[in-house]
Amino acid sequence: MVISLALLLLVLVTPCSSASWNTQNKIKTAVHYSPGFELGPGSVSNKYYYDIEFPRGHAALKGFTAEVVDEAGSPVPLYETYLHHWGLYRYYESKSKLLTDTRYDPHRVLHMSDSFPNSHIMIRNNGICQGNILRFYYGIGSETRGTNTDIPDPFGIEIGNPAEVPEGYEEKWFLNVHAIHTRGVEDKLGCTECRCDLYNVTVNEFGIPLSPSYEGGLNCCYDQTQCRLKKGFQGPKRALYLRYTVKWIDWDEYVVPVKIYVLDVTDTLNIASSDHDCLIEYKVDPCNSEIKKDNECVDVKRTRLPMQKGGNVVYGVAHQHSGGIGATLYGQDGRVICTSMPNYGSGDEAGNESGYIVGMTTCYPKPGSVKIFDGETLTLESNYSSTTRSRTGVMGIFYLLVAEELPHEHCT
């Protein structure tokens, strides 16, 4: 009798492993469409869609994916419409004043200035770029169909916490969709790299003259610009949409919140002021003939990034453009925190387009096995092939989800 009672007490007081908590039967999924955008051969759309359909209430995001589709809902291949990037942003909107202009200034979102509407409060991720630069919650480009964004249990991105929303405001979300229609263009790769000569652009979208040394990038392929077509080519306009899928669960005591860090290989830090300077994009020069002979034409760009706050890495992935051959994030002692490699397509179907990056490998370390320490200086390295030509407007961005605490033991 004494032994039986002891066994009963042991069962009652022994905590269950957090690994037994599974959200698969709790995950909610919704598929939505952005407003339509119209593109003709060589044209560019860089639009911002506010107050999109999105989960409401206190919840934990578990995944977000997106792709460009046509009016029939069929996926559009990258060699027809190149998805340069999309970004998902969170903001608070005043209940007393609604935003009526659904087309927001692109550089004041991607390069977010301080002139965000007074009736809105931009909710940034955890950094580490200056101001509101790269402050998306999710963001990706051509690789969107083949990159896993699911967040493992018991972690999630907390949203909709009523204690965090200022009085008189409500939480909302907006999407930025930047797409380039390359049917009939003279140089598809050049158009997707936003080379200024192909767009016949000498000023940015604000009318400010570009530097003669600026050969290509976001300043040359802004909304409603036009990439050069093959002589005599004509083609119809198409109505397109960004179809996005959201996964989430209702928030409860067992969800472990993660913080979002977006790191940029172009970032430089002013030690005296502690100010970051993320440029988002950069140029890769072709290697010289001597290096070509050794078949070692790789452009390596590195930057050192001090992290004020650390934690346990839950997820990691890089974002690169065509020509990218991988990115790695290193700890201060040289250990590898995460390596993310591009997957290039080899066919014609959407999701496997030959020559395009159609996916990036991801890191899902076992909880507690990969840690960033408070105050640690990380090194981000981005590698590109530079064998054949210069590349403009390339990126080396790293997206990290970090949990400051490990999950507590609990029962289902």
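Which strand does β16 pair with, in what sense, and over how many bridges? The partner of β16 is strand β24, residues 377-385, and the two pair in the antiparallel sense over 9 bridges. Before I go on, this is a predicted model, in which local features need pLDDT of at least 70 and side-chain atom pairs count only at pLDDT 80 or more, while totals for chains, interfaces and linings use all residues. Residues are numbered from 1 along each chain as its sequence is written, and side-chain values use heavy atoms, with hydrogens and water left out.

Let me begin with the sheet. It is an open sheet of 4 strands in the order β16-β24-β18-β19, with antiparallel pairing. The edge strands, each pairing on one side only, are β16 at 298-306 and β19 at 336-340. Averaged over the sheet, neighbouring strands are turned by 15 degrees against each other, direction ignored; the axes behind that angle are lines fitted to C-alpha atoms, for helices over the stretch in contact, and angles run from 0 to 180 degrees between N-to-C directions. Strands here are DSSP runs of E with at least two residues, helices are runs of H or I with at least four residues, and both are numbered from the N terminus. Two strands count as paired if DSSP finds at least two bridges between them.

If you want to find the register in the viewer, R304 stands opposite T379 in β24. On β18, G324 has Y384 in β24 as its bridge partner, and 5 bridges join β18 to β24, which run antiparallel. β18 also pairs with β19, again in the antiparallel sense, over 4 bridges, and there the bridge partner of L329 is C338 in β19. These two strands, β18 and β19, form a hairpin with 5 residues between them, and G334 in the turn has a positive phi of about 95 degrees.

Why is β18 described as largely enclosed by the rest of the structure? The reason is that 5 of the 7 residues of β18, residues 324-330, are buried, where buried means under 20% relative accessible area, exposed over 50%, and partly exposed in between, with a 1.4 Å probe and protein chains only.

I turn now to the disulfides, of which a search of the whole structure finds 6, a disulfide being a pair of cysteine sulfur atoms within 2.5 Å. I will take three of the 6.

One of them joins C191 to C227, with an S to S distance of 1.9 Å, and with -85 degrees about the S-S bond this link is left-handed. Because C191 lies in helix α2, residues 188-192, and C227 in the loop between α3 (196-199) and β10 (238-250), the pair ties together parts that are 36 residues apart in sequence. Both C191 and C227 are buried.

Another forms between C196 and C220, their sulfur atoms 1.9 Å apart, and the torsion about its S-S bond is about 80 degrees, so this disulfide is right-handed. The pair links distant parts of the chain, C196 in helix α3 and C220 in the loop between α3 and β10, 24 residues apart. C196 and C220 are both buried.

The last that I will show joins C287 to C297, S to S 1.9 Å, and is right-handed because the torsion about the S-S bond is about 70 degrees. C287 lies in the loop between β15 (282-284) and α4 (289-293), and C297 in the loop between α4 and β16, so parts 10 residues apart in sequence are tied together. C287 counts as buried at 13% relative accessibility, and C297 counts as buried at 5%.
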